[in-house]
Amino acid sequence: MHIPEKTEHTADTGISPTLPTGEKKMEKNRSIECTVNECLHHCKGEDYCSLDRIRVVPREPSPAEERCTDCASYYPDETAKIR
Ligand code: SF4
């Protein structure tokens with residue numbers, strides 16, 4: 001099975017801006033609906049992504065179903081595990 005490379009999480013890849021307090025600014029991107037609450041980029045409480053853009057990749061050479069694709073911009077939200 002092909003496992004796609006993860007997207008680098010730098011300012012150049014569309015990661016959300018950081019507030020002066022160090023908190024991440026979570027502005028929802030109305031063009032990217034997402035229900036993956038366990039992702040660091042998810043707008044908690046609203047089913048949207050906060051990134052400007054995401055990268056979607058195939059999980060296998062010839063994807064035939066929805067489940068055959070992945071968001072490669074996903075980044076685990078460690079705080080989601082303790083909620
Ligand atoms: S990066 Fe991908 S998985 Fe994470 S919130 Fe955005 S669309 Fe969802």
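Strands here are DSSP runs of E at least two residues long, and helices are runs of H or I at least four long, each kind numbered from the N terminus.

**View 1. The whole chain, strand by strand.** Let's start with the overall plan of this predicted model. Read along the sequence, the pattern is β-β-β-β, with four strands and zero helices. Of the chain's 83 residues, 11% count as buried. Among contacts between residues at least 6 apart in sequence, 37% link residues at least 24 apart.

**View 2. How confident is the prediction, and where?** The mean pLDDT of the chain is 81, and 67% of the residues reach at least 70. Among the elements, strand S1 has the highest mean pLDDT, 98, and strand S4 (residues 69-71) the lowest, 96. Over residues 1-5, pLDDT stays under 50, and the model gives this stretch seven contacts beyond four places in sequence. Where pLDDT is low, please don't read the predicted coordinates in detail.

**View 3. Strand S1 and its partner, S2.** Strand S1 covers residues 29-33, and zero of its five residues are buried, so it lies largely in the open. What does S1 pair with, and in which direction? Its partner is strand S2 (residues 48-49), joined to S1 by two bridges, and the two run antiparallel. If you would like one place to look, find Asn 29, which stands opposite Cys 49 of S2.

**View 4. The residues around the ligand.** Which residues surround the ligand? The shell includes four cysteines, Cys 34, Cys 39, Cys 49 and Cys 71, together with His 41 and His 42. Ile 32, Val 36, Leu 51, Ile 54, Ser 73 and Tyr 74 are also around the ligand. By class, nine residues of this shell are nonpolar, three are polar and none is charged. Cys 49 also appears in View 3, as the S2 residue opposite Asn 29.

**View 5. Arg 53, in the loop after S2.** Arg 53 sits in the loop between S2 and strand S3 (56-58). Is Arg 53 buried or exposed? Arg 53 has 12 other C-beta atoms within 10 Å, and 12 or fewer counts as exposed, so Arg 53 is exposed. Now look across to Ser 73, 20 residues away along the chain: the two C-alpha atoms are separated by 8.7 Å. Ser 73 is one of the residues around the ligand.

**View 6. Cys 68 and Asp 70, with Pro 58.** Cys 68 belongs to the loop between S3 and S4. Cys 68 is exposed, with 12 other C-beta atoms within 10 Å. Beyond four places in sequence, Cys 68 is in contact with Pro 58, Arg 59, Glu 60 and Pro 63. Pro 58 is ten residues from Cys 68 in sequence, with their C-alpha atoms 6.0 Å apart. Asp 70, in strand S4, has 16 other C-beta atoms within 10 Å and is partly exposed. Between the C-alpha atoms of Asp 70 and Pro 58, twelve residues apart along the chain, the separation is 6.2 Å.

Key:
Residues are numbered from 1 along each chain as its sequence is written. This is a predicted model: local features need pLDDT of at least 70, side-chain atom pairs count only at pLDDT 80 or more; totals for chains, interfaces and linings use all residues. A residue is near a molecule or strand if its C-beta atom, placed from the backbone, lies within 6 Å of it. Ala, Val, Leu, Ile, Met, Phe, Trp, Tyr, Cys and Pro count as nonpolar, Asp, Glu, Lys and Arg as charged, and the others, Gly among them, as polar. A residue is buried if 20 or more other C-beta atoms lie within 10 Å of its own, exposed if 12 or fewer, and partly exposed in between; C-beta atoms are placed from the backbone. Two residues are in contact if their C-beta atoms, placed from the backbone, lie within 7 Å. Two strands pair if DSSP finds at least two bridges between them. pLDDT is the predictor's confidence in each residue, from 0 to 100.
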